[in-house]
Amino acid sequence: MDSGTENNQIEEPESKKQKLSNSDEKTRKTFEGAKVVSILNNKTTQKCLFLHGKFEDDKEKDAVFILERKPFDTKTESLQALLSDKTKLTGDLKNDIYSTFSALPSVQNDIKATIIYPASEKHLRKYRKQDIFVVKETKEDYNMITKPYVEQQFVDKIFNIQWVYNILDHKAEMERIIFEDQNEETGFVLLPDMKWDTKDVDSFYAIALPRKRGLKSIRDLDESHVEMLKNMRSKSLAVIADNFGIKPDRLRMYFHYQPSFYHLHVHINHIELDLPGTGALRAHLLDDVIENLLMQGDYYQRKTVSMTLQDSDKLLAAFRAKENNVSDV
């Protein structure tokens, strides 16, 4: 659900993006009282800006503001209004038959705004532009470095997935649920990702959350979970086809590793979407995961997994400390 970051160690969620669930956030009508502290990142190709900010009524708490341009309204009347004498053009370049302009339309496209408030340091770290490094995590690394690190983050209440349980327990976001299978072993909840406006089908993006708790990532999966994964795949594809008219061969379904939040979840989005996090160093296709588990039940307990970590990530620091200890021997 992270807008626009290739590596989102948190979170989240985030640990993932905090939902605007309390009454104050639900009734927010403007950015009144918001102040910009700094620009965390400016992704020009994705038309997305990440800001660190605060609200004047509580300057001790941080906020993250995510502003992203929405797709063009492709209705004929909207396009015709854009291509009219009300759109002012300033010439930038002319060469033979080619001309480029700065265009100022009379009606601007909406901007999608996401507020994470109060935001933790890990939210700021997640959205701040950083160098990214490739790490190869062996099964020994997972058991000796990653797993203890993740478990300690939960003990220290740095990672928080209560928002996931609120969804599963119908305490929040019930109105957003697309489909639900209530079987406690194989069931799941399907709902729109925060990055999807729920209107543009070509930008379809949903998240499937298993009802089964205790599964943090693909590292926890074994042959006993194949039935759950197949159920999530078949029912999600059927529901999406029936409700949104998107055929299975126009969708990709995958896990992230490392995930952005540590409750197992499947990303489902339109194949035409150009998204961060769909590359070989982050995404693991659901079909491949199922096939790997059928070939070898403990595949993900044994496999060396390549992943990316950001420069300020404490997990990367733990891996580097291990490398330093080895080199000192």
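This passage looks at a sheet and at the helix that lies across part of it. The structure is a predicted model, so what follows describes a prediction.

Start with the sheet. It is an open one, built from 6 strands that sit in the order 8-9-10-12-11-13, with antiparallel pairing. Strand 8 (179-181) and strand 13 (283-285) are the edge strands, and each of them has a pairing partner on one side only. Going from one strand to the next, the sheet twists by 30° on average.

Inside this sheet, strand 10 (residues 205-210) and strand 12 (residues 266-270) run antiparallel and are joined by 4 bridges. Here isoleucine 207 has histidine 267, in strand 12, standing opposite.

Now for the helix. Helix 7 (residues 286-295) lies across strand 11 (251-256), strand 12 and strand 13, and runs at about 65° to strand 13. Which residues of helix 7 are buried? They are Leu286, Val289, Ile290, Asn292 and Leu293. Looking down the axis of helix 7, these buried residues fall within an arc of 165°, so they line one face of the helix. The general rule behind such patterns is handy: an α-helix has 3.6 residues a turn, so residues three or four places apart point the same way.

What covers the buried residues of helix 7? The cover includes strand 11, strand 12 and strand 13, along with helix 6 (226-244) and helix 8 (299-302). On the other side of helix 7, things look different: Leu294 and Met295 are exposed there.

Key. Residues are numbered from 1 along each chain as its sequence is written. This is a predicted model: local features need pLDDT of at least 70, side-chain atom pairs count only at pLDDT 80 or more; totals for chains, interfaces and linings use all residues. Side-chain values use heavy atoms; hydrogens and water are left out. Two strands pair if DSSP finds at least two bridges between them. Helices (H or I, at least four residues) and strands (E, at least two) are DSSP runs, numbered from the N terminus. Axes are lines fitted to C-alpha atoms, for helices over the stretch in contact, and angles run from 0 to 180 degrees between N-to-C directions. Contact means heavy atoms within 4.5 Å. Buried means under 20% relative accessible area, exposed over 50%, partly exposed in between (1.4 Å probe, protein chains only). The arc is that of the directions from the helix axis to the C-beta atoms.
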